[in-house]
Amino acid sequence: MAGQGRADSRPLSPHLQIWKWHWTMAGSIFHRVSGLGLYGGAFLIGAWLVALATGPEAYAFVEMIAFSLPGQILLFLWSMAVLYHFANGLRHLIWDGPMIGFNPGVASLWSMFNFAFAIIGAAVIWSLASFY
Amino acid sequence: MTTSAKSVRGLGSAGAGTQHHIRQRVTAVALLFLVPWFLYSIIVACKAGYEGALTWVAQPVNAILLILTLSAALYHMRLGIQVVIEDYIAKSGTRQALLILNTFAVIALAAATILSVLKIWFTAGA
């Protein structure tokens, strides 16, 4: 109880700094991080659409930013966040619906797959996009 | 959409029941189909330049799917950020202000983007 101190030796729930990192934990954290990133990204995609509706000058300005080096890096990170949030979101739906994949081994492997899917998927999309 | 438990027990201790959770999942299912289309389309549209992007948005199927993607994604992200704010901001005033700001920002973005799509679509034939 509050104010009575802790007489027993039972462990506290560990804080983030002293928690041993593992795949499912990283997977959960990055789901939230990518979600936050996509929130910001939606406003940038929105700016693209509004510029398109505004006229050629506004669109040229957005294109100039998008094709600059920081713009290209940001777009690459955005596509990686989309793919990660997509893959891990699908896993959440599978957890909630058919309720499979809770076994620790499977869950860890699945987290690794989601990270790999995001990184490799983004690389494939950007190579295809620059070739065709 | 409501759960049968809610109609029996009222809204529960959180005051909101499971409605938030269900809406998050329903928009997620919609995005499962819309996001792959959107990713492919926006790359094709961006590579086509100003005129090409306009022509792409002006096609009715693309305009409709674009509006559906925007609606599902924006509602989904409003729900998601709401939970993040509730998790990390304990101070009541700040929390309420951020929750309202979240709603305003998302609705403003929805209005601006959906109106842009409609403008491009309706002025294309003119």
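**Group meeting: a two-chain helical model**

I shall begin with a single residue: Ala30(B) sits in helix H2 of chain B. Please bear in mind throughout that what we have here is a predicted model. Is Ala30(B) buried, exposed or partly exposed? It has 17 C-beta neighbours inside 10 Å, and therefore counts as partly exposed, since burial requires 20 or more and exposure 12 or fewer. Gly80(B) lies 50 residues away from Ala30(B) along the chain, and the C-alpha atoms of the two are separated by 15 Å.

Let me now turn to the helix that holds this alanine. H2(B) covers residues 19-47, which is 29 residues. At 1.5 Å a residue the helix should span 42 Å, and because its end C-alpha atoms are 40 Å apart, the expected and modelled values agree. H2(B) nevertheless has a kink of about 35°, centred on Leu31(B). Leu31(B) is also buried, as are Thr27(B) and Ala28(B) of H2(B). What covers these buried residues? The cover includes helix H3 (69-96) of chain A together with helix H4 (60-88) of chain B. After H2(B) comes Gly49(B), which has a positive phi, near 75°.

I move on to the two chains as wholes. Chain B contains five helices and zero strands, in the order α-α-α-α-α along the sequence. Of its 126 residues, 17% are buried. If we take the contacts in chain B between residues at least 6 apart in sequence, 63% of them join residues at least 24 apart. Chain A has four helices and zero strands, running α-α-α-α from the N terminus. Buried residues amount to 22% of the 132 residues in chain A. For contacts in chain A with a separation of 6 or more, residues 24 or more positions apart account for 71%.

Next, the contact between the chains. How many residues does each chain contribute? Chain B gives 24 residues and chain A gives 21 residues. On the side of chain B that touches chain A, the elements giving two or more residues are H2, helix H3 (49-58), H4 and helix H5 (92-124) of chain B. By class, that side of chain B consists of 19 nonpolar, three polar and two charged residues.

This leads to the nonpolar core. In soluble globular proteins, nonpolar side chains tend to be buried together. In the present model, the largest nonpolar core has 34 residues. The residues with the most contacts inside this core are Ala42(A), Leu52(A), Leu83(A), Ala73(B), Leu74(B) and Met77(B). At least two core residues come from each of helix H1 (23-54), helix H2 (56-67), H3 and helix H4 (104-131) of chain A, and likewise from each of H2, H3, H4 and H5 of chain B. Which helix gives the most to this core? That is H1(A), with eight residues. As for Ala73(B), once its neighbours within four places in sequence are left aside, this residue is in contact with Ala42(A) and Leu31(B). We thus return to Leu31(B), the centre of the kink in H2(B).

On the chain A side, I would draw attention to H4(A). Its 28 residues should span 40 Å at 1.5 Å a residue, and because the end C-alpha atoms are 40 Å apart, the two values agree. The buried residues of H4(A) are Ser111(A), Asn114(A), Ala118(A) and Ala122(A). They pack against H1 and H3 of chain A.

Between H3 and H4 of chain A there is a loop, and Met99(A) lies in it. Most residues other than glycine have a negative phi. Met99(A) is not a glycine, yet its phi is positive, at about 55°. Met99(A) has 8 C-beta neighbours inside 10 Å, so this methionine counts as exposed.

I close with confidence. The model scores ipTM 0.84 and pTM 0.85. Chain B has an average pLDDT of 88, with 85% of the residues scoring at least 70. Which elements of chain B have the lowest and the highest mean pLDDT? Helix H1 of chain B, residues 4-9, has the lowest at 61, and H5(B) has the highest at 95. Where pLDDT is low, the predicted coordinates should not be read in detail.

Terms used
Residues are numbered from 1 along each chain as its sequence is written. Chains are lettered from A and ligands numbered from 1 in the order in which they are written. This is a predicted model: local features need pLDDT of at least 70, side-chain atom pairs count only at pLDDT 80 or more; totals for chains, interfaces and linings use all residues. The expected span of a helix is 1.5 Å times one less than its number of residues. The bend at a residue is the angle between axes fitted to the seven residues ending there and the seven starting there. Two residues are in contact if their C-beta atoms, placed from the backbone, lie within 7 Å. Ala, Val, Leu, Ile, Met, Phe, Trp, Tyr, Cys and Pro count as nonpolar, Asp, Glu, Lys and Arg as charged, and the others, Gly among them, as polar. A nonpolar core is a set of buried Ala, Val, Leu, Ile, Met, Phe, Trp, Tyr and Cys residues joined through C-beta atoms within 7 Å. pLDDT is the predictor's confidence in each residue, from 0 to 100.
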